[in-house]
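I'm opening a fresh notebook page for this protein. I'll jot down what I look up, one spot at a time.

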Amino acid sequence: NVMKTKSTIILSIVTLLLAVFNAPVLAAPASAASSSGLRSSLTAQTGIISSSYSPQPGDVKLTRDKVFLNMAKSHLIVATGQPVKVDAFLTGYLPDPCHVLRIVVGAATTSSTINIQVYSLFKPGVACATVLQPFSVTVPLGSFTSGSHTVLVNGTKLGSFSASPVTTILGTK
């Protein structure tokens, strides 16, 4: 009878572990869009709200860590028109499901460089499954009316784009 109880306990633990490791991991809950104009609606491409990845007040209690960016699959999305609207599509992996993604977009510098910081945060001492957690997110960079701009992600060039000012041609009759 003791052997049957041990077998039942072991089977229960194995079943629980399999359920945990095979369960889908949900994205972090979305917060309201910040005043910087980040989208507050779901993006059709990823289903992730970018503003939920802005730094949060409780972040100071967490430890900063890296992310594994897939720069080959990350790219700029440049919408034609005036002004030119630009998003950065970023994809990669977090070290594990317990890490949370953070993205900080710096304002365009005088050299027309836009710097994006992408990192993760985790709570030290919390046990977590050692499995890479994929992410894909679209980050609005803003609208641009003129100039050439380069976008860097963690110091690596993601891409460049140009925006031309609208010229109005007045006709005569």
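Is Thr 91 buried or exposed? I looked up its relative accessibility and got 13%. Buried means under 20%, so Thr 91 counts as buried. Note to self: this is a predicted model.

Next I checked where Thr 91 sits, and found it in strand E4, which covers residues 84-94. Then I listed its contacts, skipping neighbours within four places in sequence. Thr 91 is in contact with Leu 69, Asn 70, Lys 73, Ser 74, Phe 135 and Ser 136. I looked harder at Phe 135, and the side chain of Thr 91 reaches the backbone oxygen of Phe 135 at 3.1 Å. I also took a C-alpha to C-alpha distance from Thr 91 to Phe 68: they are 8.7 Å apart in space and 23 residues apart in sequence.

Phe 68 led me to the surface. Which residues form a nonpolar patch with Phe 68? They are Tyr 93 and Leu 132, and the three together have about 280 Å² of accessible area. I followed up on Leu 132, which lies in the loop between strand E6 (113-122) and strand E7 (133-144). Its relative accessible area is 46%, so I wrote down Leu 132 as partly exposed.

Now for the inside. Which residues touch the most other members of the largest nonpolar core? My list reads Leu 90, Leu 101, Ile 103 and Ile 116, out of 23 residues in that core. The elements giving two or more residues to this core are E4, strand E5 (100-105), E6, E7, E8 and E9. I picked Leu 101 for a closer look. Not counting residues up to four places away in sequence, Leu 101 touches Tyr 53, Val 67, Leu 94, Val 118, Tyr 119, Phe 135 and Val 137. Phe 135 turns up here, and I'd already met it in the Thr 91 contacts.

Last stop: backbone oddities. I found a cis peptide bond running from Gln 82 to Pro 83, with omega near 0°. Pro 83 is in the loop between strand E3 (75-79) and E4.

Where is Asn 154? I found it in the loop between strand E8 (147-153) and strand E9 (156-163). Asn 154 isn't a glycine, yet its phi is positive, about 50°. I checked its cover too: the relative accessible area is 41%, so Asn 154 goes down as partly exposed.

Terms used. Residues numbered from 1 in each chain as written. Predicted model: local features only at pLDDT ≥ 70, side-chain atom pairs only at ≥ 80, totals over all residues. Heavy atoms only, no water. Patch = residues over 30% accessible without salt bridge, like charges linked within 9 Å, V, L, I, M, F, W, Y side chains within 5 Å. Areas by Shrake-Rupley, 256 points an atom, 1.4 Å probe, with all protein chains shown as cover. Salt bridge = Lys/Arg side-chain N within 4 Å of Asp/Glu carboxyl O. Helix = DSSP H or I, 4+ residues; strand = E, 2+ residues; numbered from the N terminus. Buried < 20%, exposed > 50% of the residue type's maximum accessible area, 1.4 Å probe, protein only. Contact = heavy atoms within 4.5 Å. Polar contact = N/O pair within 3.5 Å; in protein donor to acceptor, adjacent residues only side chain to side chain. Core = buried A, V, L, I, M, F, W, Y, C linked by side-chain atoms within 4.5 Å.
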